[in-house]
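Reader: Got a model I'd like to go through. Can you show it and take my questions?
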Amino acid sequence: MGRTPVSPASGADTADGSRSARRRIDEEHRQLDALLAEMAGSTDLARIELQLDELRALLVAHFETEEGPEGMHDIVREGAAHRLPNVQRLFEEHREMLAQLDRLRAEVASCLRGPVAAVLGGVSELAETLARHEADEEALFSEAFYSDIGGRS
């Protein structure tokens, strides 16, 4: 219907291109899913910060694949052109997800340099205080035992 007839050779090329693009997109989805699963179980903000940077790089490349030549638009146009508005909506979500990711990256950075840094500094300070306290106890014990008590014999 309004489509230009396709010769068998070019039709095969198009189908091969679509399959290749689909495999590439599926592999990118697999990488993204693996990274997101690893992140979901993590409580290490420093690690999450690095993973968010990695996620952003993967998403930018992935979105370029989906939106580029032989990407999702071309694949859908070939087989289901009436669904192109749905593709456009998904492409708009790409930008929304990147904006959400950037906000999350900023929040993580703010936490790491603010409250998390304060907590880690407090832990270090407590460790130093305890180490000094133990050294003072050991010195007192040694002086009392060897100088005072031991000197009476």
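Author: Phe141 sits in helix 5 (residues 115-149). Helices are DSSP runs of H or I, at least four residues, and strands are runs of E, at least two, numbered from the N terminus. This is a predicted model: local features need pLDDT of at least 70, side-chain atom pairs count only at pLDDT 80 or more, and totals for chains, interfaces and linings use all residues. Residues are numbered from 1 along each chain as its sequence is written, and side-chain values use heavy atoms, without hydrogens and water.

Reader: Which surface patch does Phe141 help form?
Author: A nonpolar one, with Phe145, Tyr146 and Ile149. Together they have about 470 Å² of accessible area (Shrake-Rupley, 1.4 Å probe, only the protein chains shown count as cover). Patch residues have over 30% relative accessible area and no salt bridge, with nonpolar side chains joined within 5 Å and like charges within 9 Å.

Reader: How many helices and strands in the chain?
Author: Five helices, zero strands. The pattern along the sequence is α-α-α-α-α.

Reader: Switching to Glu28. Buried or exposed?
Author: Buried, meaning under 20% relative accessible area; exposed is over 50%, partly exposed in between (1.4 Å probe, protein chains only). Glu28 lies in helix 1 (residues 8-40).

Reader: What's the nearest side chain of opposite charge?
Author: Arg24, 4.8 Å away, and Glu28 has no salt bridge. That takes a side-chain nitrogen of Lys or Arg within 4 Å of a carboxyl oxygen of Asp or Glu.

Reader: What does Glu28 contact beyond four places in sequence?
Author: His62 and Thr65, with contact meaning heavy atoms within 4.5 Å.

Conventions: Lys and Arg count as positive and Asp and Glu as negative; His and the chain ends are not counted.
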